[in-house]
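These are my notebook entries from a first pass through a structure that was new to me. I wrote down what I looked up, one topic at a time.

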Amino acid sequence: MTRREMQVTDPETGAIVGQVPRQDGSDAIAALDRASGARGAMAALPAYARADALYAAAERLAAKAETAADLIAREGIKTITEARGEVQRAVGVLRLSAEAAHSHAGALIPFDQHPGGAGRTGWAAPMPIGVVLAITPFNDPLNLVAHKLGPAIAAGSPVVLKPHEATPLSALMLVDLLRDGLPPGAIEVLTGHGSDLIPPLLADERIRLVSFTGGLATGRKIARAAGLTRLIMELGSNCATLVMEDADLDRAAAACVSGAVAAAGQNCLHVQRIIAHRAIYTEVRDRLVAGFAAVRVGPKLDGQSQMGCMIDRAAADRVQGFTDGARARGARILAGGTTDGVHVIPTLIENVSDEDPLHWDEVFGPVTILVAADDLPSAIARANASPFGLQAAIFTNDLTQARQAIEGLDVGAVMVNDSTDYRLDAMPFGGTGQSGLGREGIASAVAEMSEPKVACFRW
């Protein structure tokens with residue numbers, strides 16, 4: 001392997017999964033040159049042709065679903081069962097993007113709504129924004145790439161894609177499936193370290209939009225460097241699920257355990273805080289302890305495993321640090337609390353100090369805290385104490401309580417009788433506060449990647 005190459009390894013076993021180029025700033029500008037050169041051809045591509053390319057890619061991905069799932073599991077952190085689900089979601093995202101290409105349209109403008117507009121008519125039509133820089137994380141190495149490439153193609157915008165250096169192979173596979181039917185330069189991929197590749201792109205005014213999914217610290221760096229470039233950024237969260245006294249406790253506990261350990265907690269919708277009404281706190285705790293203890297942690301390619309590994313040992317150590325810090329401040333470990341190499345055992349903690357970062361920071365691992373609240377207003381106040389605001393959830397059979405939670409929770413979405421770990425790929429997706437800017441979800445992303453052009457006729 002030369003210095004211009006990078007090995008992609010399985011974080012669980014250390015086995016080499018593949019090899020990719022280690023590109024640098026000059027490669028980044030060359031890719032941008034090609035993408036910028038494709039602007040005219042992409043904008044001129046009819047909607048039906050963009051849709052056909054997306055539909056065809058979806059069918060090709062569906063045909064090699066097992067190969068794609070195996071690649072996701074081996075280069076990343078998901079079990080094979082989770083990886084299969086990710087492939088199916090990515091197929092759906094490409095199909096939704098194709099449908100968006102068909103339906104993406106402007107609107108008539110009633111110019112005569114004002115006396116000065118009499119005798120005029122016209123419309124606002126969406127135009128492609130230009131080159132999109134898409135930066136994706138390791139935790140959904142296929143579907144989150146699809147969430148950026150699909151809408152960009154639907155909008156008629158070329159893309160420069162920078163996948164996470166730990167998991168580039170799934171992204172490269174998807175790009176190979178997408179390029180057929182698109183002009184050269186429509187999708188450019190850069191593999192390597194973001195510190196080498198991203199700064200020269202952010203300094204170039206030909207990048208018209210940055211779509212970034214990742215951590216808050218990196219998001220802030222991008223925002224400072226982006227200038228007048230439009231931003232869509234999903235920067236994580238500390239999601240709270242409320243369980244009220246009238247809830248179906250078996251349903252709530254099962255959903256919370258699943259949402260706490262999916263992708264080994266390396267998930268922006270991870271159930272990090274469970275806020276239970278004091279009247280049913282003990283019953284909720286007993287169900288959760290049993291559920292956490294029953295999670296099967298094991299080899300990712302074993303179909304019986306329910307949770308895989310962290311992306312690397314440093315990530316496992318960081319997550320263990322959250323648990324050790326809480327324990328040192330007097331918290332009680334109800335389940336888990338230990339790490340085995342790159343596997344963090346699913347951990348449930350109670351009696352966590354109000355000053356503990358687990359209440360407000362993003363752990364990004366399978367650690368969840370359980371907190372009691374006296375009533376719904378206090379539960380909402382606790383949920384809103386974090387500066388993040390991506391999603392929240394409430395389990396209740398009382399419509400009034402559900403409405404109060406929807407209105408009171410300062411987040412981008414509220415799930416009722418489900419955990420925070422639910423996302424429909426078609427829905428607007430994004431949050432408040434430090435959770436980011438703008439909205440993803442297919443139709444929302446297509447709109448973000450477009451600019452309206454007004455035409456006015458005077459008769």
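**Entry: strand β6 and its neighbours**

I began with the partner of Val-132, and found that its bridge partner in β6 is Val-159. The model is a predicted one, which I kept in mind for every entry here. Strand β5, residues 131-135, is joined to β6 by 4 bridges, and the two strands run parallel. I then looked at the other pairing of this kind, in which 3 bridges join β6 to strand β7, residues 187-189, again with the strands running parallel. There I noted that Val-160 stands opposite Glu-188 in β7.

Are the faces of β6 covered or not? I found that both faces of this strand, residues 159-162, are covered, since Val-159 and Leu-161 on one side are buried, and so are Val-160 and Lys-162 on the other. This fits the general rule that side chains in a regular strand alternate between the two faces of the sheet.

**Entry: the helices between these strands**

I followed the chain from β5 to β6 and recorded that β5, α6 and β6 make a right-handed β-α-β unit. A right-handed β-α-β unit is also made by β6, helix α7 (residues 168-178) and β7.

For helix α6, residues 143-155, I looked up the length: its 13 residues reach 18 Å from the first C-alpha to the last, close to the 18 Å expected at 1.5 Å a residue. I also checked burial, and 13 of the 13 residues of α6 are buried, so the helix is largely enclosed by the rest of the structure. Just after α6 I came to Gly-156, which takes a positive phi of about 90°.

**Entry: a three-stranded sheet**

Next I turned to an open sheet of 3 strands, in the order β3-β4-β22, with antiparallel pairing. Which strands stand at its edges? They are β3 (107-109) and β22 (450-458), and because each has a single partner strand, one side of each is left without a neighbour in the sheet. Neighbouring strands of this sheet are turned by 30° against each other on average, direction ignored.

I looked more closely at the pairing of β3 with strand β4, residues 120-128, where 3 bridges join the two antiparallel strands. In this pairing, Ala-107 has Ala-124 in β4 as its bridge partner.

**Entry: salt bridges**

I counted salt bridges next, and the structure holds 25 of them. As a general matter, side chains of opposite charge can pair when their charged atoms come close.

The pair I took up to begin with was Asp-70 and Arg-74, whose side chains meet in a salt bridge with N and O 2.7 Å apart. Why do these two residues sit about one helical turn from each other? Both belong to helix α4 (residues 65-75), and they are separated by about one helical turn because they are 4 residues apart in it. Asp-70 counts as partly exposed at 26% relative accessibility, and Arg-74 counts as partly exposed at 27%.

I then looked up Asp-374 and Arg-278, whose side chains meet in a salt bridge of 2.6 Å, N to O. This pair links distant parts of the chain, 96 residues apart, with Asp-374 in the loop between β16 (367-373) and α13 (376-383) and Arg-278 in the loop between β11 (271-277) and α11 (281-294). Asp-374 is partly exposed, its relative accessible area being 48%.

In the salt bridge of Arg-329 with Asp-356, the closest N and O atoms are 2.8 Å apart. This pair also links distant parts of the chain, 27 residues apart: Arg-329 lies in the loop between α12 (313-328) and β12 (332-335), and Asp-356 in the loop between β15 (347-350) and β16. Arg-329 counts as partly exposed at 44% relative accessibility, whereas Asp-356 is buried, with a relative accessible area of 0%.

I also noted a network of salt bridges that links Arg-4, Asp-24 and Asp-27.

**Entry: cysteines**

How many disulfides does a search of the whole structure find? The search finds 0. For Cys-239, which is in no disulfide, the nearest cysteine sulfur is that of Cys-268, 7.0 Å away, and with a cut-off of 2.5 Å this pair does not qualify. Cys-239 is buried, at a relative accessible area of 1%. Cys-309 is likewise in no disulfide, and its nearest cysteine sulfur, that of Cys-268, is 19 Å away. I recorded Cys-309 as buried, at 0% relative accessibility.

Definitions and conventions
Residues numbered from 1 in each chain as written. Predicted model: local features only at pLDDT ≥ 70, side-chain atom pairs only at ≥ 80, totals over all residues. Heavy atoms only, no water. Salt bridge = Lys/Arg side-chain N within 4 Å of Asp/Glu carboxyl O. Buried < 20%, exposed > 50% of the residue type's maximum accessible area, 1.4 Å probe, protein only. Expected span 1.5 Å × (residues − 1). Pairing = 2+ DSSP bridges. Right-handed = clockwise from strand over helix to strand, strands pointing away. Axes fitted to C-alpha atoms, helices over the stretch in contact; angles between N-to-C directions.
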